[in-house]
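Open the model in your viewer and keep the sequence panel beside it. This tour tells you what to select at each stop.

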Amino acid sequence: MKKLLTAIVFICAALTAYAQYSVTLTVPEYTSFLRVNTDGVNLRKTPNANSGKLMCWNSDAGSYFTEEVYFFSDENRGRYKANSLEGSYINTVHPMSGELMPILGESGDWYKVQYMYGTRNTSGKNVAWIMKKFGTRIDVAGSGLENFCPGSDEYGNNGSGRPIKSISTVNRPSGMFKDMRFGVDLSNDTESTEYYGTGVKIPLLINNKYLYVANCGINVKYNKNATSPRLYWEKEYGMDDEVFYHACLDVNKSNPKAMSIALRDFLLNTTEKNFKALIDSTIPRKNAEEVMELWVCSTSGEFIYVGANEVSNSPLSKITKTLTFTAGSNTAASSSFNDPEIVKPEFPGGVSALVSYLNKNIKYPAEAKKQGIKGRVIVSFIVDTTGAISDVVINKSVHQLLDFEAVRVIKSMPNWTPGTKNGKKIKMKYTLPITFK
């Protein structure tokens with residue numbers, strides 16, 4: 001199965017007392033990748049076809065919290081075992097056709113590569129050797145990303161085979177963020193809706209060679225009474241008492257394309273305080289699992305999606321770049337929330353029962369498996385006063401196949417225990433991440 005290559009980006013952002021906004025980005029110094037062109041290839045411990053093969057121990061057959069440990073076959077010595085009662089098993093790692101791996105070195109007919117899919121509990125075991133004949137080398141160019149901004153549907157390596165679409169970007173006319181370009185995909189021409197989730201892309205260029213793209217999901221809602229766009233934040237609840245504040249914009253537009261244009265115009269003209277609030281919610285400061293994209297351009301002019309993960313996973317040297325945006329007239333105070341007594345909605349039996357339900361009912365789409373499509377779909381939905389589920393919305397998409405399955409399993413859930421406010425049942429939004437891998 002073709003797997004998403006994991007790139008490594010660490011983000012931190014800070015607003016200084018001098019009306020400037022600084023973003024520090026750290027990425028591995030990628031210079032070249034190998035794109036595998038043959039299925040079923042082995043990764044070896046040394047540049048020798050008789051050396052140990054890269055293996056993976058899986059804690060179960062693909063549940064919500066599957067754990068993986070990578071090791072070489074000649075080093076196991078019984079440490080990792082399959083257990084049919086627990087569902088654990090061992091498989092040989094085979095990067096599939098189309099998969100990308102950073103090249104770390106070479107020796108004769110072999111490349112030393114980093115297998116990027118296995119990033120947990122690897123202890124360095126995700127570095128292995130592969131014969132050059134099983135792939136095509138792709139060298140990273142030192143330019144070509146200056147005007148690039150990926151569209152909303154460019155997921156997976158090279159958009160999972162779809163042509164890469166670059167959307168246009170704009171800049172605010174003045175203020176602190178006048179040099180921070182952003183893009184809104186205006187190509188949506190679907191039927192009218194009263195609720196449309198759209199993404200704002202913020203490309204940040206590092207040394208002209210690496211492009212970090214932050215994603216800001218905004219729920220644009222049709223409100224016939226809105227005389228002008230209104231930005232506000234909705235409180236949402238997730239598993240394990242997680243609380244999310246999601247950006248929403250009310251507009252007097254009902255067509256998705258018109259909604260996108262209204263969003264773009266709002267971002268161009270809104271106050272610096274509002275724009276900074278959105279940036280703060282977009283560029284993660286501490287959570288390494290936030291949605292991240294890293295793109296490079298090949299020497300042949302091909303845009304390549306790399307991915308995201310913790311910077312410590314890469315054996316490559318790191319490049320750190322601080323981007324500073326200045327000329328702002330004011331800074332935004334942080335928001336505070338004084339909530340009444342709120343009890344969030346709950347799945348029958350609690351979080352453990354919800355996890356069990358997901359493990360049992362999620363069916364990995366066969367075509368997604370075939371294409372190697374995987375990732376974390378974030379879904380939000382409304383639990384009404386009867387506990388029924390409605391208004392299921394994809395907040396973070398991975399691919400249409402996975403999105404449809406996530407929506408299907410959410411819609412098939414039994415009624416929940418509704419949330420309450422000061423003891424009274426109320427409709428409440430709930431956010432749930434669903435991981436396919």
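Two strands count as paired when DSSP finds at least two bridges between them. Keep in mind that this is a predicted model.

**Stop one: a run of antiparallel partners**

Select residues 32-36, strand β3, together with residues 100-107, strand β7. The two run antiparallel and are joined by three bridges. Now click R35: its bridge partner in β7 is L100.

Stay with β7 and add residues 110-114, which form strand β8. Here four bridges join the strands, again in the antiparallel sense. Find S107, then look across to W110 in β8, which stands opposite. Next, pick out the hairpin linking β7 and β8. Two residues lie between the strands. G108 in this hairpin takes a positive phi near 60°.

**Stop two: an open sheet**

Select β5 (68-72) and β6 (89-92), then add β4, residues 54-58. In which order do the three strands lie? The order is β5-β4-β6, and the pairing is antiparallel. β5 and β6 stand at the edges with a single partner strand each, so one side of each has no neighbour in the sheet. From one strand to the next, the twist averages 25°.

Zoom in on β4 and β6. Four bridges pair them in the antiparallel sense. To see one facing position, select M55 and find T92 of β6 opposite. Strands of a sheet pair through backbone hydrogen bonds, so display the backbone here.

**Stop three: two packed helices**

Select residues 351-361 for helix α3 and residues 400-411 for helix α5. Their axes are 11 Å apart, and the helices pack at an angle of about 125°. Angles outside the parallel, antiparallel and perpendicular ranges count as oblique, so α3 and α5 are oblique to each other. The crossing of α3 past α5 is right-handed.

Show side chains at the contact. From α3, select Y357, L358 and N361; from α5, select E405, R408 and V409. By class, this contact has three nonpolar, one polar and two charged residues.

**Stop four: V343**

Select V343, found in strand β19, residues 342-343. Is V343 buried or exposed? V343 is partly exposed, because its relative accessible area of 44% falls between the 20% and 50% cut-offs.

Leaving out residues up to four places away in sequence, V343 touches G419, T420 and M428. Finish by selecting G423. V343 and G423 are 80 residues apart in sequence, yet 8.2 Å apart in space, C-alpha to C-alpha.

Methods. Residues numbered from 1 in each chain as written. Predicted model: local features only at pLDDT ≥ 70, side-chain atom pairs only at ≥ 80, totals over all residues. Heavy atoms only, no water. Axes fitted to C-alpha atoms, helices over the stretch in contact; angles between N-to-C directions. Parallel < 35°, antiparallel > 145°, perpendicular 65-115°, else oblique. Left-handed = near helix turned anticlockwise from the far one by under 90°. Contact = heavy atoms within 4.5 Å. Nonpolar A, V, L, I, M, F, W, Y, C, P; charged D, E, K, R; others polar. Buried < 20%, exposed > 50% of the residue type's maximum accessible area, 1.4 Å probe, protein only.
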